[in-house]
Amino acid sequence: MKVVKLLLALVLLNTSLFAQSADSIFLRKIYDEALVNGKAYQNLNYLCKQIGPRLSGSAQAQKAVDWTKKLMESYGFDRVYLQEVLVPHWVRGEKEVGKILLGKKDIEVPIAALGGSVATPKQGLTAEIIELQSLAELKTLGEDKIKGKIIFFNRAFDAKPIETGTSYGMAGDQRRAGASEAAKYGALGVIVRSLTHAIDDYPHTGAMNYEANGTKIPAAAISTKGANELSRLLKLKSAEPVKFFFKQNCETLPDVLSYNVIGELKGTTTPDEIITIGGHLDSWDLAEGAHDDGTGVMQSVEVLRILKSLGYQPKHTIRAVLFMNEENGLRGGQKYAEIAKITGEKHIAAMESDAGGFTPRGFGIDAPTDLFKKIKGDWEKLFEPYQTDRLTLGGGGADIGPLKTASPGIVLIGFKPDSQRYFDIHHTPNDVFENVNRRELELGAAAMTSLIYLIDHNGLKN
């Protein structure tokens with residue numbers, strides 16, 4: 001009996017080693033294709049330079065839909081189609097103006113309206129400005145000290161976390177909810193420090209929300225250099241209070257019909273089981289949306305292109321989804337999950353790339369602990385030669401998140417590139433094609449393709 005068990009163990013070991021060897025050979029082919037014949041960089045160039053900013057509801061967003069559909073059709077994917085989704089249509093209008101008012105001296109500072117904000121009065125808004133570090137301080141000050149004033153939320157990024165997304169999460173409430181909370185105490189407007197470690201003159205926009213029946217007051221982001229100067233002047237002892245002037249012309253128009261763009265390679269063994277890769281096609285309007293999220297969109301298309309170029313026949317249906325309206329509504333991701341639930345689609349895994357096109361480091365994986373340990377144990381070493389072997393428990397993304405409810409048991413994966421530079425350009429006028437490195441982008445596409453291949457070829461079972 002002991003001999004039989006030993007022989008069985010040897011057979012299983014040899015089978016595992018052979019599978020790892022075959023997988024490692026195919027991963028090398030994936031990387032060779034991405035690095036030698038990759039198309040993600042040239043496609044990103046077109047998306048950024050020929051189409052440009054792609055805020056939901058805009059003409060450029062529709063151009064991006066039309067072009068990416070034609071692009072995937074040109075690659076000969078088994079199916080390419082559009083999925084209707086109604087999206088919000090917020091427009092910025094004329095460029096914003098912000099000034100610190102010191103008696104007869106005005107100091108102009110860079111600001112940008114937060115996405116979804118209302119406009120100031122046509123002549124602009126002028127009031128005394130008060131600096132706070134948190135939403136909780138509103139309650140401490142109370143209405144007597146806040147009413148009729150502008151609130152300046154100046155909580156900086158925490159420098160301690162290694163992953164910069166952690167700092168973003170810690171500072172984000174002042175942008176998302178600052179205006180609604182300040183309005184409850186009679187504030188006239190809100191100015192928010194840009195969410196970044198960088199000290200520069202680029203204001204960072206981003207989505208903010210109003211409470212359903214609350215008072216709506218205008219909200220804008222101020223560049224970190226501008227925030228530091230405003231804070232310095234507020235700390236000086238002066239006979240007169242510091243006032244602030246800002247003018248913005250944004251408005252929310254009626255919703256617009258738009259689309260998720262979807263391409264797929266049909267599975268040969270279990271076509272009804274779906275693996276999704278995606279990024280969001282929309283971007284903010286200040287720049288080209290290169291890293292956020294042009295890189296993720298082009299990498300997702302590239303996954304399918306690489307597998308098809310290598311002649312790989314997937315067992316499961318592999319689908320690239322270019323989601324619309326992640327930035328100011330998440331309606332594309334919600335619609336995709338809604339339709340998946342209605343039609344009874346079974347998604348076994350979904351991966352999202354929405355952290356920039358920087359050097360790939362690994363993946364965050366939202367899966368049961370036992371399954372995660374198996375994935376890590378079986379596949380981590382395969383990624384070591386490519387320095388993309390950081391597999392951590394917990395992950396996903398905003399657009400694929402709704403699939404967790406729509407398709408129970410799904411494994412959600414977040415592609416994790418190096419995070420140190422992402423929030424320097426995130427939601428700024430500096431998010432342009434020139435700030436994307438070709439080799440980093442291609443390595444990321446190869447890493448994503450590799451994990452999708454491993455999931456499809458080997459399955460996801462404990």
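The following exchange examines a strand, a helix and the largest pocket of a predicted model.

Trainee: Which strand pairs with β14 in the antiparallel sense?

Mentor: Strand β14 covers residues 360-366, and five of its seven residues are buried. In the antiparallel pairing, which runs over six bridges, the bridge partner of Asp-366 is Leu-412. The strand that holds this partner spans residues 411-417 and is β16.

Trainee: What is the handedness of the crossover from β14 to β15?

Mentor: β14 and β15 (residues 390-393) pair in the parallel sense over four bridges. Within this pairing, Ile-365 stands opposite Leu-393. The chain passes from β14 through helix α11, residues 369-383, to β15, and this β-α-β crossover is right-handed.

Trainee: Is helix α9 mostly covered or mostly uncovered?

Mentor: Buried denotes under 20% relative accessible area. In α9, which spans residues 290-309, 18 of the 20 residues are buried. The helix is therefore, by that cut-off, mostly covered.

Trainee: Which element gives the most residues to the lining of the largest pocket?

Mentor: The largest pocket holds about 910 Å³ of space. Of its 36 lining residues, the closest to the centre are Tyr-168, Asp-354, Ala-355, Tyr-422 and Phe-423. The elements that give two or more residues to the lining are α6 (164-171), α7 (173-183), β16 and α13 (422-425). With five residues, the element that gives the most is α6.

Trainee: How many residues of the lining of the largest pocket are charged?

Mentor: The lining divides into three classes of residue. Nine residues are nonpolar and 17 are polar, while the charged residues number ten.

Technical notes. Residues numbered from 1 in each chain as written. Predicted model: local features only at pLDDT ≥ 70, side-chain atom pairs only at ≥ 80, totals over all residues. Heavy atoms only, no water. Buried < 20%, exposed > 50% of the residue type's maximum accessible area, 1.4 Å probe, protein only. Pairing = 2+ DSSP bridges. Right-handed = clockwise from strand over helix to strand, strands pointing away. 1 Å grid on protein atoms, 1.4 Å probe; cavity = no way out; pocket = protein on both sides within 12 Å on 5 of 7 lines; lining within 4 Å. Points joined across faces, edges and corners; volume = space filled by probe spheres on them. Nonpolar A, V, L, I, M, F, W, Y, C, P; charged D, E, K, R; others polar.
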